[in-house]
Amino acid sequence: MPHTASRYLAEGPRVGIRHFTYGDGAEFTARTRESKDLHHPWLFPPESAQAYTAYAGRLIEDPSKAGFLVCEKGGVGEQGDGAIGGFININNIVEGGFQSGALGYGAFAHAAGRGLMREGLDLVVRYAFGPMRLHRLEINVQPANAASIALARGCGFRLEGFSPKMLFVDGAWRDHERWAITAEMVTGPGRH
């Protein structure tokens with residue numbers, strides 16, 4: 001049987017991760033609009049075609065960013081094979097002695113609470129520490145965002161600190177907890 005190349009950068013049992021493309025705009029913005037209540041007040045992904053093009057362009061063209069779509073595998077119908085369940089972006093990638101990046105992510109409503117983002121985040125972490133050759137990833141989360149903190153904790157990130165008034169979100173400077181993981185925490189002795 002001939003080998004067919006996967007369209008995913010990495011795959012788990014239920015999801016695959018792949019980079020953003022400009023062609024994903026219609027599905028991504030539709031899912032953003034469907035998920036507005038889930039996202040508010042934590043994040044504000046693009047809702048229009050024009051906003052998506054600008055957003056995706058930064059992730060595609062800026063070497064200090066890498067964007068990943070978490071896509072469902074094996075389903076049929078509207079949320080069938082390849083349906084976008086969420087997104088995970090690595091921002092502020094610094095090379096050299098730092099080899100680090102800052103993660104941002106969001107699930108779409110149809111995928112929330114199903115464990116798809118956990119599987120996707122595990123894949124992105126391994127991809128970042130493998131082919132991207134990063135050493136450290138950090139997630140900054142507002143303390144009241146219980147779902148995001150649970151995802152970070154569930155994927156092995158450790159709480160490293162608290163940053164008052166760190167990021168301007170939804171019209172105000174917001175406090176954030178700092179969660180991080182290093183390559184050794186994933187690939188060290190006893191880990192796979």
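The radius of gyration of the protein chain in this predicted model is 16 Å, which agrees with the value near 16 Å that a compact globule of 192 residues would have. Along its principal axes, the C-alpha trace of the protein chain extends over about 50 × 45 × 30 Å. Of the 192 residues, 47% are buried, and the protein chain exposes about 10,000 Å², of which carbon and sulfur atoms supply 56%. Among the contacts with a separation of 6 or more, 62% are made by residues 24 or more positions apart.

The protein chain contains six helices and eight strands, and these elements follow one another along the sequence in the pattern β-β-α-α-α-β-β-β-α-β-α-β-β-α. With regard to charge, the protein chain carries 20 positive and 20 negative side chains, and the centres of these two sets are separated by 4 Å.

**Nonpolar cores**

The largest nonpolar core comprises 36 residues, and the members that touch the most other members are Ile 90, Leu 103, Tyr 105, Leu 121, Leu 137, Ile 139 and Phe 157. Helix α4, which covers residues 116-129, gives the most to this core, with nine residues. Which residues does Ile 139 contact once its neighbours within four places in sequence are left aside? The contacts of Ile 139 are Leu 103, Tyr 105, Leu 121, Ala 152, Phe 157, Glu 177, Arg 178 and Trp 179. Another core, of twelve residues, lies apart from the largest one, and its members include Ala 56, Leu 69, Cys 71 and Phe 108.

**Individual positions in helices, strands and loops**

His 19 lies in strand β2, which runs over residues 15-19, and this histidine is partly exposed because its relative accessible area of 35% falls between the limits of 20% and 50%. Beyond its neighbours within four places in sequence, His 19 is in contact with Leu 9, Asp 24, Gly 67, Phe 68, Leu 69 and Tyr 127. Of these, Leu 69 is also among the members of the twelve-residue core.

Thr 53 belongs to helix α3, residues 49-61, and is likewise partly exposed, with a relative accessible area of 43%. Phe 162, in strand β7 (residues 158-169), is partly exposed at a relative accessible area of 45%. Leaving aside neighbours within four places in sequence, Phe 162 is in contact with Pro 143, Asp 175, His 176, Glu 177 and Arg 178. Glu 177 and Arg 178 also appear among the contacts of Ile 139.

His 110 is placed in the loop between β5 and α4. Is this histidine buried or exposed? His 110 is buried, because its relative accessible area of 15% is under 20%.

The table gives C-alpha separations for pairs of residues that include these four positions.

| Residue pair | Separation along the chain | C-alpha separation |
|---|---|---|
| Thr 53 and Asp 24 | 29 residues | 9.4 Å |
| Phe 162 and Trp 179 | 17 residues | 9.1 Å |
| His 110 and Ala 51 | 59 residues | 22 Å |
| His 19 and Leu 59 | 40 residues | 8.7 Å |

Asp 24 in the pair with Thr 53 is also one of the residues in contact with His 19, and Trp 179 in the pair with Phe 162 is one of the residues in contact with Ile 139.

**Backbone conformation in two loops**

Most residues other than glycine have a negative phi. Gln 99, in the loop between β4 (84-94) and β5 (100-107), has a positive phi, near 45 degrees. Arg 133, in the loop between α4 and β6 (136-141), also has a positive phi, near 60 degrees. Arg 133 counts as exposed, because its relative accessibility of 66% is over 50%.

Methods
Residues numbered from 1 in each chain as written. Predicted model: local features only at pLDDT ≥ 70, side-chain atom pairs only at ≥ 80, totals over all residues. Heavy atoms only, no water. Helix = DSSP H or I, 4+ residues; strand = E, 2+ residues; numbered from the N terminus. Rg over C-alpha atoms; globule rule 2.2 N^0.38 Å. Buried < 20%, exposed > 50% of the residue type's maximum accessible area, 1.4 Å probe, protein only. Contact = heavy atoms within 4.5 Å. Areas by Shrake-Rupley, 256 points an atom, 1.4 Å probe, with all protein chains shown as cover. Lys, Arg positive; Asp, Glu negative; His and termini not counted. Charge placed at Lys NZ, Arg CZ, Asp CG, Glu CD. Core = buried A, V, L, I, M, F, W, Y, C linked by side-chain atoms within 4.5 Å.
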